[in-house]
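Here are some short exercises to help you find your way around a structure you haven't met before. Try each task with the viewer open, then read the solution.

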Amino acid sequence: MEKIEKLIEENEKELLDITKKIENISNELNSDNINKKILLFNKYFSDYSEIVYGERYLFAYNSNWEGQKEFPVAISNFNGTVGTGMKKGMIAVFDLAYLKYANEIKMHCPKFVIHDKLETTHINQLKTIFEICEKINGQFIIPILKERIKEIGEEEIKKYREKYI
């Protein structure tokens, strides 16, 4: 009988621990907390999008997405038809903003992003993205054609080689 009581006691303790964990997760997911996180993320995302594209884009979360049968997140002010290059550039901007955000909140996560096919992104935006990368605690890894990288300019290439390669 004593063993059964001990097992019941252990199970009750485990249930209490699990309940506390669920409450903590619930608190993390509440609307106010999500909005605070998005607000901080948007501080970087809108700044970087303005630096790269001259417009302040925002990451938006729709908490009623299921009822509206829509995707739960979107980039606001991202209207009209945009080319592949701008889409790739905006994804890079998003990822760099996330790296900055993760560092700001001291999140334990990988501190690098990998992108492919940035050749379609305009050279001016690539240069600006590289400038943002220099100010972020993380790595931005991209394979890029030698012919395309030459468009950045010999001085820039030399600077990056000396500093990063």
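A pocket here is an open set of grid points with protein on both sides within 12 Å along at least five of seven lines, and its lining residues have an atom within 4 Å of a point. Keep in mind that this is a predicted model.

**Exercise 1.** Work out which residues line the second largest pocket and which elements they come from.

*Solution.* Start with the space itself: the second largest pocket holds about 170 Å³. Next, pick out its lining, made up of I34, K37, I38, F41, F59, F94, Y98 and Y101. Now look at the elements: α2 (31–53) and α4 (84–104) are the ones that give two or more residues to this lining. The largest share, 4 residues, belongs to α2. Last, sort the lining by character, and you get 7 nonpolar residues, no polar ones and 1 charged.

**Exercise 2.** Decide whether S46 is buried or exposed, and find what its side chain reaches.

*Solution.* First locate S46, which sits in helix α2. Its relative accessible area is 4%, and since the cut-off for buried is under 20%, S46 counts as buried. Then follow the side chain of S46: it gets to the backbone oxygen of N42 at 2.6 Å. Finally, leave aside residues up to four places away in sequence, and you'll find S46 touching E55, R56, Y57 and L58.

**Exercise 3.** Count the disulfides, then check how accessible C109 and C133 are.

*Solution.* A disulfide needs two cysteine sulfur atoms within 2.5 Å. By that rule the count is 0. Take C109: the nearest cysteine sulfur belongs to C133 and is 15 Å away, so C109 is in no disulfide. Turn it around, and C133 has the sulfur of C109 as its nearest, again 15 Å away, and is in no disulfide either. For accessibility, C109 comes out at 23%, which makes it partly exposed, while C133 is buried with a relative accessible area of 15%.

**Exercise 4.** Find where K106 and K117 lie, and say what is notable about phi in each.

*Solution.* Begin with K106, in the loop between α4 and β3 (112–114). Phi of K106 is near 60 degrees, a positive value in a residue that isn't glycine. K106 is exposed, at 66% relative accessible area. Now move on to K117, in the loop between β3 and α5 (123–134). Phi of K117 is also positive, near 60 degrees, and K117 isn't a glycine. With 52% relative accessibility, K117 counts as exposed, given that the cut-off is over 50%.

Terms used: Residues are numbered from 1 along each chain as its sequence is written. This is a predicted model: local features need pLDDT of at least 70, side-chain atom pairs count only at pLDDT 80 or more; totals for chains, interfaces and linings use all residues. Side-chain values use heavy atoms; hydrogens and water are left out. On a 1 Å grid over the protein atoms alone, a cavity is a set of points where a 1.4 Å probe fits but cannot get out, and a pocket is an open set with protein on both sides within 12 Å along at least five of seven lines; lining residues have an atom within 4 Å of a point. Grid points are joined across faces, edges and corners, and a volume is the space filled by probe spheres set on the points. Ala, Val, Leu, Ile, Met, Phe, Trp, Tyr, Cys and Pro count as nonpolar, Asp, Glu, Lys and Arg as charged, and the others, Gly among them, as polar. Buried means under 20% relative accessible area, exposed over 50%, partly exposed in between (1.4 Å probe, protein chains only). A polar contact is a pair of N or O atoms within 3.5 Å; within protein, one must be able to donate a hydrogen and the other to accept it, and residues adjacent in sequence count only if both atoms are side-chain atoms. Contact means heavy atoms within 4.5 Å.
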